[in-house]
Amino acid sequence: MAVRVKTSILFLCISIFLSTSHSQHLTTSYYQKSCPRFEQIMQDTTTNKQIASPTTAGAALRLFFHDCLVEGCDASVLISSTPFNKAERDADINLSLPGDGFDVVVRAKTALELACPGVVSCADILAVATRNLVSMMGGPFYNVPLGRRDGVVSRASHAENVLPKPTMSMNRIIAIFKKIGFSVQEMVALTGAHTIGFSHCTQISADIYNYSRTAQSDPSYNPRYAAGLRNACADYRKNPSLSVFNDIMTPRDFDNSFYKNLPKGLGVLRSDRALMMDRRTKPFVELYARDQKAFFEAFRRAIEKLSLNGVKSGRSGQIRRRCDSFN
């Protein structure tokens, strides 16, 4: 048993060291000489895309999370499947990832390849696009160190057990974040990303229709809100793409409204409502509900940390010519 514990600790230390050593190669001025127009191209692309498709910000933010939690922030979620490999993006949990998130990366990559071919990674594009879009929606601006390389592995099986699901217990969700070095407070702050974006009705159908013999919907919902969700999702069987906003009050603003909604039973996802019912997470929900500045500061620190998770550098990655396929 002692040997097994020592081995586990050694493996964890090595993993942390490798992740840290790779992230030390990153710098905010990485493309200053090799692609001087990088920041401007990224800003133009994200602004134009968000104006054309207002759901882009939430889509990119969710895509970024799903990328960074599996294999690290290496754009592995962008890879398309082949007859020989079922890629990460085709894992069941990723099938609902909105197309606008993928599209903003493709647009930016196309423009950057014209300006500086073979220089900018898809992983950096996704990271910066997410930051720009969060800021556009009124959220905090945060630093994104650059120099990530794109991963060379993308398997659906790797995503299934490491991404949090709305139906998971709070113990399981906390454990998922703890495994990559995130505290309960950091997890709650990152979940505040649900202040923008939407959830598909298929994800909540079991909570709003025939929940139990005695209740039509999960009693943790506000009853009027549950009735509204049932009405909005009425045709979800015929139209699986039907969706509802995560934040009913200010769905197009990155603010602390998400946390204000939870004590009122206005959380769409079961895992969101559970944040208010667990003694470990409730104090942080209450803090961010009354203090947006505290939420923004916590979110900024947490997402900067997430953006460095498992980054690839040097020979451990590549600069893809196309974001959806390996070179």
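Which residue does the UniProt annotation "binding site" (unreviewed entry) cover? I began with this look-up, working throughout on a predicted model.

**Entry 1: H194**

The record, an unreviewed UniProt entry, places a "binding site" annotation on H194. I located H194 in the loop that runs between α8 and β1 (198–200). I then asked whether H194 is buried or exposed. The relative accessible area came out at 23%, so I noted H194 as partly exposed. I listed the contacts of H194, setting aside neighbours within four places in sequence: N246, D247, F258, L269 and D272.

**Entry 2: P164**

UniProt also lists P164 under "binding site", again from an unreviewed entry. I found P164 in the loop between α6 (156–160) and α7. Its relative accessible area is 27%, and I therefore entered P164 as partly exposed. Not counting residues up to four places away in sequence, P164 touches L69, I93, I173, I176 and F177. I noted that I173 and F177 appear again in the next entry, where they belong to the part of α7 that meets α8.

**Entry 3: the α7 and α8 pair**

Two packed helices are described by the angle between their axes and the distance between the axes. I looked up both values for helix α7 (residues 170–179) and helix α8 (residues 184–191): the axes come within 9 Å and cross at roughly 100 degrees. Angles of 65 to 115 degrees count as roughly perpendicular, so α7 is roughly perpendicular to α8.

Which residues of α7 and α8 meet? On the α7 side I recorded M170, I173, I174 and F177; on the α8 side, V184, M187 and L190. By class, this contact of α7 with α8 has seven nonpolar residues, no polar residues and no charged residues.

**Entry 4: the buried part of α8**

I next looked up burial in α8 and found M187, V188, A189, L190 and T191 buried. I then asked what covers the buried residues of α8. The cover includes α7, α3 (56–68), α11 (257–261), α12, α13 and α14 (292–306).

**Entry 5: T281 and L275**

I took these two residues together, as T281 touches L275. T281 is found in the loop between α12 (270–274) and α13 (282–290), and I placed L275 in the loop between α12 and α13 as well.

The relative accessibility of T281 is 0%, so T281 counts as buried. L275 has a relative accessible area of 1%; because buried means under 20%, L275 is buried too.

Where does the side chain of T281 reach at 2.7 Å? I found that the partner is the backbone oxygen of L275. Apart from residues up to four places away in sequence, T281 touches M170, V184, M187, V188, A274 and L275. I noted that M170 in α7, together with V184 and M187 in α8, is also part of the meeting of those two helices.

For L275, with neighbours within four places in sequence left aside, I recorded contacts with M170, M187, V188, T191, F258, L262, T281, K282 and V285. I also looked up the separation of L275 from C68: the two residues are 207 residues apart along the chain, and their C-alpha atoms are separated by 22 Å.

**Entry 6: D124**

I placed D124 in helix α5 (residues 122–136). Is D124 buried or exposed? Its relative accessibility is 0%, and D124 therefore counts as buried. A polar atom of the D124 side chain lies 2.8 Å from the backbone nitrogen of G147. G147 is also among the residues that D124 touches, along with Y31, P145, L146 and R148, when residues up to four places away in sequence are not counted.

**Entry 7: positive phi in E71 and A75**

I closed with the backbone of two residues that are not glycine. E71 has a phi near 70 degrees, a positive value. A75, which is not a glycine, has a positive phi of about 60 degrees.

E71 is found in the loop between α3 and α4 (99–115), and A75 lies in the loop between α3 and α4. I then looked up their accessibility. E71 is at 30% relative accessibility, so I recorded E71 as partly exposed. A75 is at 0% relative accessibility and therefore counts as buried.

Definitions and conventions:
Residues are numbered from 1 along each chain as its sequence is written. This is a predicted model: local features need pLDDT of at least 70, side-chain atom pairs count only at pLDDT 80 or more; totals for chains, interfaces and linings use all residues. Side-chain values use heavy atoms; hydrogens and water are left out. Helices (H or I, at least four residues) and strands (E, at least two) are DSSP runs, numbered from the N terminus. Buried means under 20% relative accessible area, exposed over 50%, partly exposed in between (1.4 Å probe, protein chains only). A polar contact is a pair of N or O atoms within 3.5 Å; within protein, one must be able to donate a hydrogen and the other to accept it, and residues adjacent in sequence count only if both atoms are side-chain atoms. Contact means heavy atoms within 4.5 Å. Axes are lines fitted to C-alpha atoms, for helices over the stretch in contact, and angles run from 0 to 180 degrees between N-to-C directions. Angles under 35 degrees count as roughly parallel, over 145 as roughly antiparallel, 65 to 115 as roughly perpendicular and the rest as oblique. Ala, Val, Leu, Ile, Met, Phe, Trp, Tyr, Cys and Pro count as nonpolar, Asp, Glu, Lys and Arg as charged, and the others, Gly among them, as polar. UniProt positions are given in the numbering used here, feature names are shortened, and annotations may be inferred rather than shown by experiment.
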